[in-house]
Amino acid sequence: MEQKIAVIGSGIGGLASAIRLRCAGYWVEVFEANATVGGKIAQYESNGFRFDMGASLFTLPVLVEELFALAKRNIADYLPYQKLDLVTKYFFPDSTIINGYAEVDRLAEELEEKTGFPKAKT
């Protein structure tokens, strides 16, 4: 008989935990107080439009890829994505715009240029 485990909450952490536990051989039941799963990655649909309810950046894809591999699933079948050079832009009240580049050195140069703080020596 499989051991049973309850996971409280179906946000990112709850779902990832439930998948890991199931892959380890446990029977898992997930409990969620909201009408939908996803927590901060939930979405809302109305009149044919979809709205993200939270996070708009996909950070640490390597951890998500690891989770799919553990579950013996192809991530591209569920979550096709591509890495972008420019991930986001940050807008400040003084009209400063900082480009959030994916490549760390390029982001450091952008921050140095826009803030005047020298990038850390590596």
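This section describes a helix and its surroundings, a hairpin, and the aromatic and charge–ring pairs of a predicted model.

Helix H1 covers residues 12–23. With 12 residues, H1 reaches 17 Å from its first C-alpha to its last, close to the 16 Å expected at 1.5 Å a residue. Just after this helix, glycine 25 adopts a positive phi of about 105°. Arginine 22 belongs to H1. The relative accessible area of arginine 22 is 38%, and the residue is therefore classed as partly exposed, since this category lies between the buried limit of under 20% and the exposed limit of over 50%. Leaving aside residues up to four places away in sequence, arginine 22 touches Glu2, Trp27 and Val28. The side chain of arginine 22 also reaches the backbone oxygen of tyrosine 26, at 2.8 Å. On a wider scale, arginine 22 and leucine 57 are 35 residues apart along the chain, and their C-alpha atoms are separated by 27 Å.

Strands S3 (residues 43–46) and S4 (residues 49–52) run antiparallel and are joined by 4 bridges. One of the pairings involves glutamine 43, whose bridge partner in S4 is aspartate 52. The two strands, S3 and S4, form a hairpin with 2 residues between them. In the turn of this hairpin, asparagine 47 has a positive phi of about 50°.

A search of the whole structure for aromatic pairs finds 3. Among them is the pair of phenylalanine 58 and tyrosine 81, with ring centres 4.9 Å apart and planes at 85°; the pair is edge-to-face because planes over 60 degrees apart are assigned to that class. Phenylalanine 58 is located in the loop between S4 and helix H2 (61–70), and tyrosine 81 in the loop between helix H3 (75–78) and strand S5 (86–91), so the contact of the rings ties together parts that are 23 residues apart in sequence. Phenylalanine 58 is partly exposed, at 38% relative accessibility. Tyrosine 81 is likewise partly exposed, with a relative accessible area of 35%.

Phenylalanine 68 and tyrosine 78 form an aromatic pair that is tilted, at 5.6 Å centre to centre and 45° between the planes. Phenylalanine 68 lies in helix H2 and tyrosine 78 in helix H3, so this pair ties together parts that are 10 residues apart in sequence. The relative accessible area of phenylalanine 68 is 18%, so the residue counts as buried, the limit being under 20%. Tyrosine 78, in contrast, is exposed because its relative accessibility of 53% is over 50%. Not counting residues up to four places away in sequence, phenylalanine 68 touches Arg73, Asn74 and Ile75 as well as Tyr78. The C-alpha atoms of phenylalanine 68 and valine 104 are separated by 26 Å, the two residues being 36 residues apart along the chain.

An interaction between a charge and a ring involves arginine 106 and tyrosine 101. The charged end of arginine 106 sits over the ring of tyrosine 101, 3.9 Å from the ring centre.

Technical notes. Residues are numbered from 1 along each chain as its sequence is written. This is a predicted model: local features need pLDDT of at least 70, side-chain atom pairs count only at pLDDT 80 or more; totals for chains, interfaces and linings use all residues. Side-chain values use heavy atoms; hydrogens and water are left out. Buried means under 20% relative accessible area, exposed over 50%, partly exposed in between (1.4 Å probe, protein chains only). Contact means heavy atoms within 4.5 Å. A polar contact is a pair of N or O atoms within 3.5 Å; within protein, one must be able to donate a hydrogen and the other to accept it, and residues adjacent in sequence count only if both atoms are side-chain atoms. The expected span of a helix is 1.5 Å times one less than its number of residues. Two strands pair if DSSP finds at least two bridges between them. Rings of Phe, Tyr and Trp (its six-membered ring) pair if their centres lie within 6.5 Å; planes under 30 degrees apart count as stacked, over 60 as edge-to-face and the rest as tilted. A charge sits over a ring if NZ of Lys or CZ of Arg is within 6 Å of the ring centre and within 35 degrees of the ring normal.
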